[in-house]
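Here are my notes on the structure, set out as numbered points. Please keep the model open while reading them.

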Amino acid sequence: NLKTVVKKVVEEQDRSRSFMVFGMTEEKDENLQNKIETMLLELNQKPRISVNRVGSGGMDSDKARSRPVKVTVESSLAVTEILNRAKLLRNSDQYARVFLSPDRTPKQREERKNLVVELKRRVTAEPGKRHLIRRGAVVTVSVGENAGQQT
């Protein structure tokens with residue numbers, strides 16, 4: 001089924017050039033492009049981007065939640081660089097509650113959700129250790145250790 005395989009490869013390439021922004025406040029008549037460009041300047045990044053909010057809700061909905069923003073850039077290398085620097089946003093007063101993540105497929109989102117559940121379980125069960133999600137698995141590191149051991 002060549003058509004399905006080609007479609008899947010094209011979708012993966014599209015997703016590799018995109019990332020998601022969560023926690024960006026949503027306002028009426030906002031200049032979303034400018035808001036995202038300003039945030040990326042905090043990361044010393046200035047790629048050409050296209051942006052749009054995804055999902056239902058937002059300003060016109062009863063649920064006043066900020067919808068995620070899908071940001072598309074020219075290359076997957078730019079996405080990798082931005083995601084690697086995303087932790088710098090924690091130090092910013094304006095963007096401390098903004099989080100970036102790769103653009104994932106529904107299946108990847110489900111797998112990630114299961115990993116987060118497992119991570120929370122381990123944090124509760126073993127509070128003296130540091131727990132992380134790395135390369136699709138929950139990794140436990142003793143506090144003070146640099147090397148992680150997968151369990």
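1. A term first: a residue counts as exposed when its relative accessible area is over 50%, and as buried when that area is under 20%. With that in hand, look at α4. The face of α4 turned away from its buried side carries the exposed residues Pro106, Lys113, Val117, Lys120 and Thr124. Keep in mind throughout that this is a predicted model.

2. Which residues of α4 are buried? They are Leu115, Leu119 and Arg122. These residues cover an arc of only 65° around the axis, which puts them on the same side of α4. The general rule is that an α-helix has 3.6 residues a turn, so residues three or four places apart point the same way. The buried residues of α4 pack against two strands, β5 and β6 (137-142).

3. The length of α4 can be checked as well. It has 20 residues, and at 1.5 Å a residue these should span 28 Å. The C-alpha atoms at the ends of α4 are 29 Å apart, which agrees with the expected span.

4. Now the chain as a whole. It contains four helices and seven strands. Along the sequence they follow the pattern α-β-α-β-β-α-β-α-β-β-β. The chain has 151 residues, of which 28% are buried. Among contacts with a separation of 6 or more, 50% are between residues 24 or more positions apart.

5. Next, α3. Its buried residues include Ala78, Val79 and Ile82. Seen down the helix axis, the buried residues of α3 fall within an arc of 100°, so they line one face of the helix. What covers these buried residues? The cover includes two helices, α1 (2-16) and α2 (32-42), together with the strands β1 (18-22), β3 (69-73) and β4.

6. Gln45 sits in the loop between α2 and β2 (49-53). Is Gln45 buried or exposed? Its relative accessibility is 13%, so Gln45 counts as buried, the cut-off being under 20%. Leaving aside neighbours within four places in sequence, Gln45 is in contact with Leu40, Glu81, Ile82 and Arg85. One of these, Ile82, was listed above among the buried residues of α3.

7. A second loop residue to look at is Tyr95, between α3 and β4. Tyr95 has a relative accessible area of 3% and is therefore buried. Not counting residues up to four places away in sequence, Tyr95 touches Met24, Lys35, Thr38, Met39, Glu42 and Leu89. Tyr95 and Gly23 are 72 residues apart along the chain, yet their C-alpha atoms are separated by 8.6 Å.

8. Last, the empty space. Rolling a probe the size of a water molecule over the atoms shows where such space is left. The largest pocket has a volume of about 1200 Å³. It is lined by 25 residues, and the closest to its centre are Leu100, Arg104, Arg112, Ile133 and Arg134. The elements that give two or more residues to this lining are α3 (76-85), β4 (99-102), α4 (106-125) and β5 (129-134).

9. Which element gives the most to the lining of the largest pocket? It is α4, with six residues. By type, the lining of the largest pocket divides into twelve nonpolar, eight charged and five polar residues.

Methods
Residues are numbered from 1 along each chain as its sequence is written. This is a predicted model: local features need pLDDT of at least 70, side-chain atom pairs count only at pLDDT 80 or more; totals for chains, interfaces and linings use all residues. Side-chain values use heavy atoms; hydrogens and water are left out. On a 1 Å grid over the protein atoms alone, a cavity is a set of points where a 1.4 Å probe fits but cannot get out, and a pocket is an open set with protein on both sides within 12 Å along at least five of seven lines; lining residues have an atom within 4 Å of a point. Grid points are joined across faces, edges and corners, and a volume is the space filled by probe spheres set on the points. Ala, Val, Leu, Ile, Met, Phe, Trp, Tyr, Cys and Pro count as nonpolar, Asp, Glu, Lys and Arg as charged, and the others, Gly among them, as polar. The expected span of a helix is 1.5 Å times one less than its number of residues. Buried means under 20% relative accessible area, exposed over 50%, partly exposed in between (1.4 Å probe, protein chains only). The arc is that of the directions from the helix axis to the C-beta atoms. Contact means heavy atoms within 4.5 Å.
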